[in-house]
Each structure stands twice: as structure tokens, then as C-alpha cells.
Amino acid sequence: MEDSIINLLEQLRVEKPLIHNITNLVVMNNTANALLALGASPVMVHSPLEVREVVDIAQALVINIGTLSEDTAEAMLVATEHANTIGRPWVLDPVGAGISAFRNDLLSNLLDLKPTVIRGNASEIMTLYNFNQPNTKGVDSTTASKDALRFGQLLQEQTGSIICISGEVDYILSQQYRVEVFNGNPLMTQVTGLGCSATALIGAFLGVTDQYFEAAVAGVSILSLAGELAAQTAAGPGTLQLNLYDELYQLNAERLKSKLKIKRYAH
Ligand SMILES: Nc1ncnc2c1ncn2[C@@H]1O[C@H](COP(=O)(O)OP(=O)(O)OP(=O)(O)O)[C@@H](O)[C@H]1O
Ligand SMILES: Cc1ncsc1CCO
Ligand SMILES: [Mg+2]
């Protein structure tokens with residue numbers, strides 16, 4: 001399985017896919033830098049008046065609802081509908097699912113548009129399966145990823161999307177497979193938007209292959225491994241964020257082979 005991740009990373013660095021992000025105001029800069037460090041080419045375009053044209057030229061689309069407004073919500077619907085029309089893959093990050101009726105209505109519309117991949121923390125994935133769950137913690141998870149696994153699998157069956165649940169263990173779920181990633185470090189939760197960075201990296205890999213499950217596995221496991229390595233020499237959250245860019249930039253086949261801790265199960 002490491003081989004497929006290594007091949008996808010090499011391909012990404014050659015092709016430098018253009019990744020269209022409609023994302024939140026908090027992580028705009030750190031996700032653009034994470035994409036650049038990995039080898040992709042980010043563009044953040046949010047106006048409903050221009051997203052169609054950007055979807056046309058991009059290889060994949062990232063939708064992150066963290067800091068929603070009426071305008072960005074409209075842009076997300078326009079962009080994803082157009083992506084579906086022309087066959088562009090897209091990934092949804094349901095940040096803060098459950099915060100408000102506005103957010104849940106948009107999420108419900110986006111689910112109807114069948115995201116290629118959905119990546120969220122445990123609380124967000126549980127809310128997507130049942131919108132009646134109260135959100136008590138904003139954008140952070142109140143529960144462990146393993147507690148959301150059953151709901152993630154049900155959400156997978158309901159939507160047909162590939163589902164990624166992040167946390168101490170990261171899960172990537174399809175109809176056929178479950179992959180578990182054991183890399184990462186708890187300090188990563190003290191830096192805003194590393195889950196959002198994982199979502200953006202999934203977008204980058206969706207831009208270089210039509211093996212969408214393998215793209216999701218690559219995005220999640222590379223962010224978790226780079227975060228783990230970044231934490232090893234970090235004095236705190238600040239250096240972790242900086243080290244993360246360097247780890248993404250320096251990541252190679254040898255490091256992936258020796259440090260990745262992933263398991264694949266067939267259902
Ligand atoms: N308890 C933990 N132990 C080890 N690694 C963790 C832990 N929690 C999170 N991580 C790492 O951080 C990554 C992001 O997960 P997290 O659950 O914090 O995302 P998130 O809540 O969506 O973040 P954000 O919304 O700030 O982007 C995971 O993929 C994993 O690598
Ligand atoms: C802190 C925060 N608030 C809205 S989006 C965001 C970034 C983490 O998802
Ligand atoms: Mg998140």
C-alpha cells in the first residue's frame with residue numbers, strides 16, 4: 001500500500017495539479033502553503049461569479065465550510081454542481097457541522113451533490129449522519145475517532161462517498177475497504193486547521209488519479225506522518241506548523257516506507 005502512496009506523491013510532484021479551494025478564512029494561508037510544500041498548486045477563489053471558470057481549469061476542488069457566508073455558500077453549490085457536470089472530483093470538509101441550521105442546510109445540499117470524498121473529525125462525521133446531534137464544541141471534536149467509526153460506515157453506505165474520520169487513529173472508508181492510519185501526534189490538535197490541511201492534500205491527490213480511495217489514503221496518511229515528524233522536533237504548536245511545511249517538502253519514498261503505520265482491511 002505504501003507503494004501506491006509513493007507513486008502518487010511522485011506523480012503529484014511531476015504534474016503539480018491546480019487545486020481550487022473554497023475554504024475558510026482561518027486556514028486560507030496554511031492550507032495554501034501545505035499544498036505548495038507537497039508539490040501542488042493552490043488557488044483560492046470564492047466568488048460565485050468566477051468559480052465555474054476555475055473549476056474548468058483545476059484538476060480537483062476542495063470545499064471547506066469553516067467560516068461560512070451567504071456568498072461562499074452559493075459559490076460552493078455553483079462550483080460543486082459544475083464539478084459534477086464536467087466530472088471533476090471534489091472533497092468536502094464539513095467544519096463545525098451542527099453549529100446552525102444554515103450550516104446544516106448547506107451540508108445537506110452538498111451531500112445530495114455526492115462529494116467524491118468527505119473528511120471530518122469524529123463529531124462532524126457523526127453529525128453528517130444525524131443532523132439532530134447538538135454541536136457543543138464549535139470546530140473541535142468532542143469524541144474519539146473510533147467512536148465515530150460505525151457512523152462513518154453508515155454515512156458511507158448512505159452517500160456512496162469515501163469517508164475519512166480524523167483523530168488519534170485516522171480511518172478511510174469505502175464500500176470495499178477500511179484503512180487505519182496510526183501516525184500523528186496529539187500536539188497537532190493545538191494547531192488550527194491541520195484537519196483542513198489533510199482535506200486539502202486529499203484534494204491534491206484527487207487531482208492526479210481516478211483511484212479516489214487511494215487518493216484519500218495518500219492525503220490523510222501523508223498529513224498525519226508529516227505532522228508526527230514535525231512534532232518530534234517542535235517546541236510547541238508554532239514550530240510544529242513551520243516544521244510541517246518542511247516535512248511535507250522533504251517527504252520521500254524512504255521516509256514513507258520506514259515511518260508509515262497503516263493497515264488495510266477488506267469488508
Ligand atoms: N489524539 C491524537 N493523536 C495523534 N494524532 C492526532 C490526534 N488528534 C488529531 N491528530 C492528528 O491531527 C490530524 C487532524 O485531525 P483533527 O481531528 O484535529 O482534525 P480537525 O478537528 O478537523 O482539525 P481542524 O478543524 O482544526 O482542521 C489527524 O489526521 C491526525 O493526524
Ligand atoms: C477555528 C475555526 N473557526 C472556523 S473554521 C476554523 C479553523 C479550523 O477548522
Ligand atoms: Mg476540521
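How do the residues of the lining of the second largest pocket divide into nonpolar, polar and charged? The model in which this pocket is found is a predicted one. The lining comprises four nonpolar, 10 polar and three charged residues.

The setting of this pocket may be described next. The second largest pocket has a volume of about 170 Å³. Its lining is formed by 17 residues, and those closest to the centre of the pocket are Ser123, Thr127, Pro134, Asn135 and Thr142. Helix H6, which spans residues 122-129, supplies the largest share of this lining, namely four residues.

Attention may now turn to the largest pocket. Rolling a probe the size of a water molecule over the atoms shows where empty space is left. The largest pocket has a volume of about 960 Å³. It is lined by 39 residues, of which Asn121, Ser166, Gly167, Thr189 and Gly195 are the closest to its centre. Four elements give two or more residues each to this lining: the strands S5 (117-121) and S7 (170-173), together with the helices H8 (194-206) and H9 (212-232). Among the contributors, H8 gives the most, with four residues. Sorted by class, the lining of the largest pocket contains 15 nonpolar, 17 polar and seven charged residues.

Helices H8 and H9, both of which contribute to that lining, also pack against each other. Two packed helices are described by the angle between their axes and the distance between the axes. For H8 and H9 the angle is about 140°, and the axes lie 8 Å apart. Their crossing is right-handed. On the side of H8, the residues that meet H9 are Leu194, Ser197, Ala198, Leu201, Ile202, Phe205 and Leu206. On the side of H9, the partners are Tyr212, Ala215, Ala216, Ala218, Gly219, Val220, Ile222 and Leu223. Of the residues in this contact, 13 are nonpolar and two are polar, while no charged residue takes part.

Strand S5, another contributor to the lining of the largest pocket, leads to a further feature of the model. The structure holds six salt bridges. One of them joins the side chains of Arg119 and Asp93, with a distance of 2.8 Å from N to O. Because Arg119 belongs to strand S5 and Asp93 to strand S4 (residues 90-93), this pair ties together parts that are 26 residues apart in sequence.

Terms used: Residues are numbered from 1 along each chain as its sequence is written. Chains are lettered from A and ligands numbered from 1 in the order in which they are written. This is a predicted model: local features need pLDDT of at least 70, side-chain atom pairs count only at pLDDT 80 or more; totals for chains, interfaces and linings use all residues. Side-chain values use heavy atoms; hydrogens and water are left out. On a 1 Å grid over the protein atoms alone, a cavity is a set of points where a 1.4 Å probe fits but cannot get out, and a pocket is an open set with protein on both sides within 12 Å along at least five of seven lines; lining residues have an atom within 4 Å of a point. Grid points are joined across faces, edges and corners, and a volume is the space filled by probe spheres set on the points. Ala, Val, Leu, Ile, Met, Phe, Trp, Tyr, Cys and Pro count as nonpolar, Asp, Glu, Lys and Arg as charged, and the others, Gly among them, as polar. Axes are lines fitted to C-alpha atoms, for helices over the stretch in contact, and angles run from 0 to 180 degrees between N-to-C directions. A crossing is left-handed if the near helix is turned anticlockwise from the far one by less than a right angle, and right-handed if clockwise. Contact means heavy atoms within 4.5 Å. A salt bridge is a side-chain nitrogen of Lys or Arg within 4 Å of a carboxyl oxygen of Asp or Glu.
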